[in-house]
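Got your viewer open? Here is a short walk through the model, one selection at a time.

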Amino acid sequence: MKILEVIPNNRKKSFEVKIKKGLFEIPYARLRLKPTLLDKIVEVFVDKELASKGFTYKLQSGKEDSVLIDQVLEYNRDSDYLHQALLYKLSLEAQTLLEKSKLTKRAIIRRMGTSPTHFYRLLDQTNTHKTVDEMIKLLNALDYEVAIKLKKVA
């Protein structure tokens, strides 16, 4: 997801980040390098070196920092981003459990009733075309039950 435009809003003390999906904000308070009244933002731009997936801002003091789109989406609790992050975590967990498992990969594939190609796609954490249901099926085949735990966002 690429950033189209970023605008500092000093009245709100936040950056307004425009992507295809819409406009998102990230407050200055969430930044590692926070602007102050004595050290204001002098430049902000979509950073091409970050493949337009982040922006960089510079302060009067000469210090600079970058913010990635993932940080913005996580702060705004974007449902698509959170879904992809969940799939990523489940894939990494499945990889770890597979290494510990005494079952062969072929036995797991048979348990799932799937093809080897599909099995390896599920293990690939970069594959974004899988579902939570498929990951639960894989984890069950590894003899693990998936439990959902809700916790209040801080």
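Is D78 buried or exposed? Select D78 and take a look: D78 is buried, with a relative accessible area of 8%. (Buried means under 20% relative accessible area, exposed means over 50%, and partly exposed is in between, using a 1.4 Å probe and protein chains only.)

Before the next stop, some housekeeping. This is a predicted model, in which local features need pLDDT of at least 70 and side-chain atom pairs count only at pLDDT 80 or more, while totals for chains, interfaces and linings use all residues. Residues are numbered from 1 along each chain as its sequence is written, and side-chain values use heavy atoms, with hydrogens and water left out.

**Stop 1: the salt bridges**

Keep D78 on screen and add K21. Their side chains meet in a salt bridge, 2.7 Å from N to O. K21 sits in the loop between β2 and β3 and D78 in the loop between α1 (69-75) and α2, so this pair ties together parts that are 57 residues apart in sequence. (Helices are DSSP runs of H or I with at least four residues, strands are runs of E with at least two, and both are numbered from the N terminus.) K21 is partly exposed, at 39% relative accessibility. Now add D80 to the selection: salt bridges that share partners join K21, D78 and D80 into one network.

How many salt bridges does the structure hold? There are seven, where a salt bridge is a side-chain nitrogen of Lys or Arg within 4 Å of a carboxyl oxygen of Asp or Glu. Side chains of opposite charge can pair when their charged atoms come close.

Next, select D65 and R32, whose side chains form a salt bridge at 2.9 Å, N to O. D65 belongs to strand β6 (residues 64-68) and R32 to the loop between β3 and β4, so the pair ties together parts that are 33 residues apart in sequence. Try colouring by accessibility here: D65 counts as buried at 14%, whereas R32 is exposed at 66%.

For another of these pairs, pick E64 and K58, which meet at 3.7 Å, N to O. E64 is partly exposed, with a relative accessible area of 47%, and K58 is partly exposed too, at 25%.

**Stop 2: the aromatic rings**

The structure holds four aromatic pairs. Select F15 and Y28 to see one: the ring centres are 5.2 Å apart and the planes are at 65 degrees, so the pair is edge-to-face. (Rings of Phe, Tyr and Trp, the last by its six-membered ring, pair if their centres lie within 6.5 Å; planes under 30 degrees apart count as stacked, over 60 as edge-to-face and the rest as tilted.) This pair links distant parts of the chain, with F15 in strand β2 (residues 14-19) and Y28 in the loop between β3 (22-27) and β4 (41-46), 13 residues apart. Both F15 and Y28 are buried.

Which residues form one aromatic cluster? Add F55 and Y57 to your selection: together with F15 and Y28, they make up the cluster.

**Stop 3: two positive phi angles**

Switch to the backbone and select A51, in the loop between β4 and β5. Its phi is near 60 degrees, a positive value in a residue other than glycine. A51 is partly exposed, at 39% relative accessible area.

Then jump to D143, in the segment after α5. D143 has a positive phi of about 70 degrees, although it is not a glycine. D143 counts as exposed, at 53% relative accessibility.

**Stop 4: a distance check**

Use the distance tool on K63 and P35: their C-alpha atoms are separated by 10.0 Å, with the residues 28 apart along the chain. K63 is in the loop between β5 (54-59) and β6, and counts as partly exposed at 49% relative accessibility.

Now try E93 and I7, which are 86 residues apart in sequence and 38 Å apart in space, C-alpha to C-alpha. E93 lies in helix α2 (residues 79-100) and is partly exposed, at 41%.

**Last stop: K149**

Finish by selecting K149, in the segment after α5 (132-141). K149 is exposed, with a relative accessible area of 74%.
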